[in-house]
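Visitor: Hi, I'm new to this one. Could you walk me through it?

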Amino acid sequence: MNENTESALDPNKDDLPLMANTGYMLVRHNVLDLAVNFDRKVINGTIVLFLETNKAYKKVSDSVGTDWCPCSLALFETEQPGPSCNPTARVAVCASVDKISNLSNHSHDRVTNVNSCNHSNKEWASGIPGTREHCSDGEDFVLVLDCCNLVVNKVEEVNVIAAAGIEKLIRTDMPKPEDSIYSQRLQSDLQSSIVDDILGLAAECWQEQHRYYLQCSQAPGCGELQFQTDMWSLKIRKQGIQTPKDFPRVLRIWYETKPEGGSVRWTKDQSGRPCVYTAGSPINNRALFPCQEPPVAMATWQATVWAPKDSVVLMSGENCAEPHHDGAFSKWFYYVTMLMPASTFTIAVGYWVEVKPECTFRSKMLSPSFSSSTCINGSCSALPSCGHPAYPCRFQNPIVQAQDCIPHRVFAPDGLKLRSQEVLLPLVARCLSAAHCVLGTHPFSRVDVLLVPASFSSLGMASPHIIFLSQSVLSGSNHLCGVRLCHEIAHAWFGLAIGARDWTEEWLSEGFATYLEDVFWANAQKLSQEEVEEQHQLRSLLHWRRLRDEIQNSEEQLQVLRPNKESTGEVSDSGATVVKHGLNPGKIFMQVHYLKGYFVLHYLEDRVGQKAFMKFFRLFVERFHGQLILSQDFLHMFMENFSQLRSQGLSLEAIYQDWLDVAGLPKPLLDDAVKWTENRLVREVQDEVTKWVEVSQKNRKGSWKRKRSRKDAVTFRELLPDQLVLLLELLLEVKSLSSRTLHWLQKHYCLREQDAEVRHRWCELVIKHKHTVAYRDLIHFLEQDQAMGVYLYGELMVNEDARQQQLVHRCFTMLQEEMDPSLQKVVAEMIF
C-alpha cells in the first residue's frame with residue numbers, strides 16, 4: 001500500500017475503507033450495555049473501550065509540553081455515572097419501551113447533526129489528523145474508530161481509579177487520589193498503570209480480569225471528550241494530548257443505531273414476529289457499535305443486552321446465557337475470553353424457540369463440562385506450540401482435545417420447529433464429531449445454530465459460538481443441510497480461530513471451508529474410500545462447471561484470489577487501509593473465491609496424497625490457531641513440510657502465478673474436467689440425460705399418444721442429490737425439451753420436494769423453456785429461497801419474455817421491503 005492510502009479512502013468507490021488508526025492504539029476489551037427496541041428499530045446504550053498503545057508504535061519523547069487539559073479532583077468526586085454505568089440504573093432505563101424511547105429522544109437533542117462536531121471544533125474534524133504519529137505543530141492526537149450510521153451522543157473518559165475494588169491494583173509507591181499534590185499527569189499515569197495491570201493479568205486469571213473490566217466500565221466519567229462523526233468514522237480527541245501514549249485508556253461512548261444501519265437487519269421471522277440480527281454485511285459491525293474493524297485489532301468482550309421479556313438473545317459468547325427478568329424486559333449477559341476481531345461479534349434477538357430432541361439424552365449432550373475457562377495447564381502462552389497472545393486456550397487442554405462433540409443447541413421460529421427437529425438437529429452432533437475427527441480440538445466451547453429469516457443473504461454464516469443457517473437448507477433430504485452445516489463448522493477453524501490478516505484474501509476462509517465441507521460430510525456419512533472418491537469427483541465436476549460460468553460472467557478483477565498480490569497485508573503507518581471491492585454488492589453473491597480456493601487445496605492434496613495433506617492441515621491448525629495469516633503463511637509451511645516438491649518443479653512462485661494472482665480458470669484445471677466425466681456417478685447421469693432427450697424427441701414427433709404408458713416404458717435410475725443437480729444442468733444445455741417432458745421430469749423426481757440446489761436448476765429449466773404451468777414453482781423459490789434467487793432474476797430478464805418480466809417486477813415489488821439490502825440493490829440494477 002502506498003503512502004497516499006489515507007487520502008485515497010473514497011467511500012464512493014467499491015473499496016471498503018477501514019479508517020481506524022490501529023497503528024497507534026488498539027482496543028483490547030469491549031464492555032457493551034445495550035437495549036433492543038423493536039418498536040423504534042434501534043439498539044442503544046453504551047460501549048466502554050479499554051485501549052493500549054500499539055506495541056509497534058515508535059515511542060515518542062515524553063516531553064509534549066505542559067498544556068494539559070485542566071481536570072480537578074473535585075470533578076472525579078462529583079461526576080455521576082450515566083444510566084448505563086451501574087446495573088441498578090440500567091434497570092430503570094430499560095423498565096419500559098417508552099423509557100428507552102425517551103432516553104433516545106433526549107440524546108437526539110444533544111446532537112442535531114451527527115456529521116458535525118458537537119464541541120465546535122469543525123476545523124479539527126476535517127481529514128484524519130490522528131493518523132500522524134506525533135503532531136509536532138501542536139495538533140492533538142485523534143483516535144479514529146470505524147463507525148457508520150450511528151448516532152453518537154457522548155464520549156467520555158472513564159475514571160477507573162473510582163471503580164469499586166480497584167484499590168488492589170494501585171501500587172503503594174503511587175500517590176493516592178486524595179493527595180493534594182495529585183496532578184493531572186499523575187492521575188493519567190495511575191489510570192494507565194491500572195489498565196496495564198488489568199490487561200497484563202495471566203490467562204488463567206481471566207475471571208478476575210473480567211471482573212475488573214466490568215467494575216471499571218461502571219465507574220463514573222471524568223470529563224467529556226470532543227468527537228465528530230462522518231460517513232465512515234468516529235474521531236475522538238482530548239484537548240492537549242498530542243501522543244497516543246498519553247491518550248485516555250478507557251472510554252465510554254453513548255450511542256444508538258439507526259434503523260437503516262447496514263450491520264443489523266430488522267425484519268420478521270417466518271412466524272411473523274419481529275427480530276433483529278447482525279447481517280454479516282460488507283461494512284461488518286461498524287453500524288452496530290464504534291469499533292476498530294481491521295483484523296489486527298483483536299479484542300475480547302462482555303455484553304449485557306436488555307430485550308423484551310419473551311424474546312431470546314443469542315450472541316457470540318462462551319457461556320450459555322440465562323435471562324434475568326425485570327418487568328417487561330430480560331437481561332442477558334455474554335462474554336468471550338478468546339481474542340477476536342470486532343467483525344466476528346454476532347447477535348440475534350427474536351422470538352425463537354429451542355428445538356429439542358424427543359429423547360431424554362439432551363441434558364448429557366448439552367452438559368457444559370468443558371469450557372475455555374478450564375485450561376488445566378493455565379496460560380497456554382507458556383507452551384511453545386501456541387503462537388497467539390495469551391488467553392485460556394482449548395488447544396492446550398487434554399480434556400477438551402478429546403471432546404469430539406461440543407455442547408450445542410438449535411433455535412428456530414415456531415413455524416420451522418418441527419422441520420428443524422427432523423432434518424437439522426440430528427445432523428449437528430454428527431457433523432461436529434466428523435469435524436473433530438478430521439481437525440482435532442474444537443476451537444470454541446459451544447455452538448448455537450439459528451434458522452434465520454427467509455431474507456437472509458446466504459445459505460449460512462459462522463461466528464464464534466453461533467451459526468446462522470438459511471431456511472433453504474431444510475428442504476429435500478438432509479444432503480444440502482449436512483453439507484452447509486459442515487461448511488459453517490469448518491469456519492470455526494478457518495475464518496475464526498485462524499483469520500485472514502488481509503480481508504482481500506477471502507479464499508483463506510471460504511476456499512478452506514468449501515474444501516473441508518466435503519471432507520467433513522463424507523466422514524459424517526461414514527462413506528467407504530471408494531464412495532468418498534466417487535462423490536469427490538462428482539462434486540469437483542459440479543464446482544468446475546459453476547466456476548467456469550462465474551468466470552465467464554464476472555469482472556476479471558473480482559476473480560483474483562490475491563488482488564493486492566505482493567502488497568497483501570500492507571497497511572499505512574496509521575493502520576488505515578481498504579478492502580478491495582468490499583462495497584461491491586454483487587461480490588457477496590459470487591463464488592469464485594470459494595471455488596478457486598477449493599481447487600487450490602485439491603491441487604496441493606493431489607501432489608502429496610490426502611492422508612499426508614490432512615495430517616498437515618492439523619499441524620497447521622495447531623501452529624496458527626488464534627492468529628491472523630496471509631496466503632504465504634500457509635504455502636510456506638506447506639512447502640517446508642513437503643520439501644520434495646521443489647525437486648518436482650513446484651514452487652511458491654508457480655502457485656501464485658497459476659492460482660492466486662491471476663483471473664480466469666487456473667491452467668492445471670483445464671484437463672481435469674475430462675477425468676471427472678469418466679466417474680461412475682457422472683456416467684450414470686449422462687445415461688439418464690440421453691433417455692430424457694429421447695423421450696422429448698418422441699414427444700415432439702407425436703408418436704406417444706398415451707403419456708403414462710409410453711413414459712413408464714422407460715426405466716429411469718434413482719439419483720443422488722448431486723447427481724440430480726448435474727442431470728438438470730446437462731438438460732439445460734439441451735436446445736429444447738417439450739413441455740410434456742418437463743412435466744414428467746418434475747413428476748418422476750418430485751422436483752418440488754427436492755433441496756434448494758435441485759429446485760434452483762428446475763427453475764432455470766422452467767425459465768429457459770417458458771414452462772408456464774410451473775411458474776408457481778419459480779415464484780415460490782424467489783419468495784422462500786432469497787439467498788439463491790438473485791441468479792434467477794437475471795435469467796428472467798435476459799429471456800426478454802413479457803410474461804416473465806412481469807413476473808419479475810411483481811415478485812420484486814412484493815419482496816423488496818424485506819430483501820437483504822445488497823440483494824435488493826443487485827436485483828434493482830438488473831430489472832430497471
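Guide: Here is a short chat about helix packing and empty space.

Guide: This is a predicted model, where local features need pLDDT of at least 70, side-chain atom pairs count only at pLDDT 80 or more, and totals for chains, interfaces and linings use all residues. Residues are numbered from 1 along each chain as its sequence is written, and side-chain values use heavy atoms, with hydrogens and water left out.

Visitor: Great. At what angle do helix 12 and helix 13 pack?

Guide: About 135°, with their axes 10 Å apart; helix 12 covers residues 529–552 and helix 13 covers residues 592–608. Helices here are DSSP runs of H or I with at least four residues, strands are runs of E with at least two, and both are numbered from the N terminus. Axes are lines fitted to C-alpha atoms, for helices over the stretch in contact, and angles run from 0 to 180 degrees between N-to-C directions.

Visitor: Why are helix 12 and helix 13 called oblique?

Guide: Helix 12 and helix 13 pack at about 135°, and they are therefore oblique to each other. Under 35 degrees counts as roughly parallel, over 145 as roughly antiparallel, 65 to 115 as roughly perpendicular, and the rest as oblique.

Visitor: Which residues meet there?

Guide: Among them, His-536, Trp-544 and Leu-547 in helix 12, and Leu-595, Phe-599 and His-602 in helix 13 (contact means heavy atoms within 4.5 Å). The contact has 6 nonpolar, 4 polar and 4 charged residues. Ala, Val, Leu, Ile, Met, Phe, Trp, Tyr, Cys and Pro count as nonpolar, Asp, Glu, Lys and Arg as charged, and the others, Gly among them, as polar.

Visitor: And how far apart are the axes of helix 11 and helix 13?

Guide: Those axes are 7 Å apart, at an angle of about 65°. Residues of helix 11 in this contact include Trp-507 and Tyr-515, and those of helix 13 include Tyr-598 and Glu-605.

Visitor: New topic: how many cavities of 30 Å³ or more are there?

Guide: There are 7, and the largest has a volume of about 130 Å³. On a 1 Å grid over the protein atoms alone, a cavity is a set of points where a 1.4 Å probe fits but cannot get out, a pocket is an open set with protein on both sides within 12 Å along at least five of seven lines, and lining residues have an atom within 4 Å of a point. Grid points are joined across faces, edges and corners, and a volume is the space filled by probe spheres set on the points.

Visitor: What lines the largest cavity?

Guide: Its lining has 17 residues, with Ile-406, Phe-444, Val-447, Ile-489 and Ala-492 nearest the centre. By class, 12 are nonpolar, 3 polar and 2 charged.
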